Amino acid sequence: MNKNKITDILINILKKKNIKLNKISKNKDLYENGIIDSFDVIDIIERIDDFFQININLANKKKIKFSINYLADNILKKLK
């Protein structure tokens with residue numbers, strides 16, 4: 001699976017949560033910019049884990065940027 005396909009899946013997961021992604025860069029931190037809150041972060045991670053059958057653990061990361069590209073990169077690493 002390539003990064004573009006993962007990105008499309010992530011966008012669909014976010015849209016199912018009624019998160020408006022109009023004119024938002026894929027590198028923009030969704031949490032810091034107030035687009036999602038902490039409960040959304042947890043729910044999105046759970047949905048990603050269920051969909052891709054992986055376990056994303058962001059607790060051990062020093063610098064987290066909750067953006068579409070950051071998540072796609074982490075998913076891609078877990079799938080390899």
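These questions and answers cover helix α1 and the salt bridges of a predicted model.

Me: How far apart are the end C-alpha atoms of helix α1?
Reply: Helix α1 runs over residues 3–16, which makes 14 residues. At 1.5 Å a residue, it should span 20 Å. The model agrees: the end C-alpha atoms are 20 Å apart.

Me: Which helices help cover the buried residues of α1?
Reply: The buried residues of α1 include Ile6, Ile9, Leu10 and Ile13. Thr7 is also buried. Their cover includes α2 (38–52) and α3 (68–79).

Me: Which residue pairs with Asp73 in a salt bridge?
Reply: Side chains of opposite charge can pair when their charged atoms come close. Asp73 sits in helix α3, and its partner lies 70 residues apart, in helix α1. The N to O distance is 2.9 Å, and the partner is Lys3.

Me: Is Asp40 buried or exposed?
Reply: Asp40 lies in helix α2 and Lys17 in the loop between α1 and α2. The two form a salt bridge, with the closest N and O atoms 3.2 Å apart. Lys17 is partly exposed at 23%. Buried means under 20% relative accessible area; Asp40 has 17%, so Asp40 counts as buried.

Me: Which residues are joined into one network by salt bridges that share partners?
Reply: Arg47 forms a salt bridge with Asp43, the closest N and O atoms being 3.0 Å apart. Both lie in helix α2, 4 residues apart, about one turn of the helix. Salt bridges with shared partners join up the network: Lys17, Asp40, Asp43 and Arg47.

Conventions:
Residues numbered from 1 in each chain as written. Predicted model: local features only at pLDDT ≥ 70, side-chain atom pairs only at ≥ 80, totals over all residues. Heavy atoms only, no water. Helix = DSSP H or I, 4+ residues; strand = E, 2+ residues; numbered from the N terminus. Expected span 1.5 Å × (residues − 1). Buried < 20%, exposed > 50% of the residue type's maximum accessible area, 1.4 Å probe, protein only. Contact = heavy atoms within 4.5 Å. Salt bridge = Lys/Arg side-chain N within 4 Å of Asp/Glu carboxyl O.
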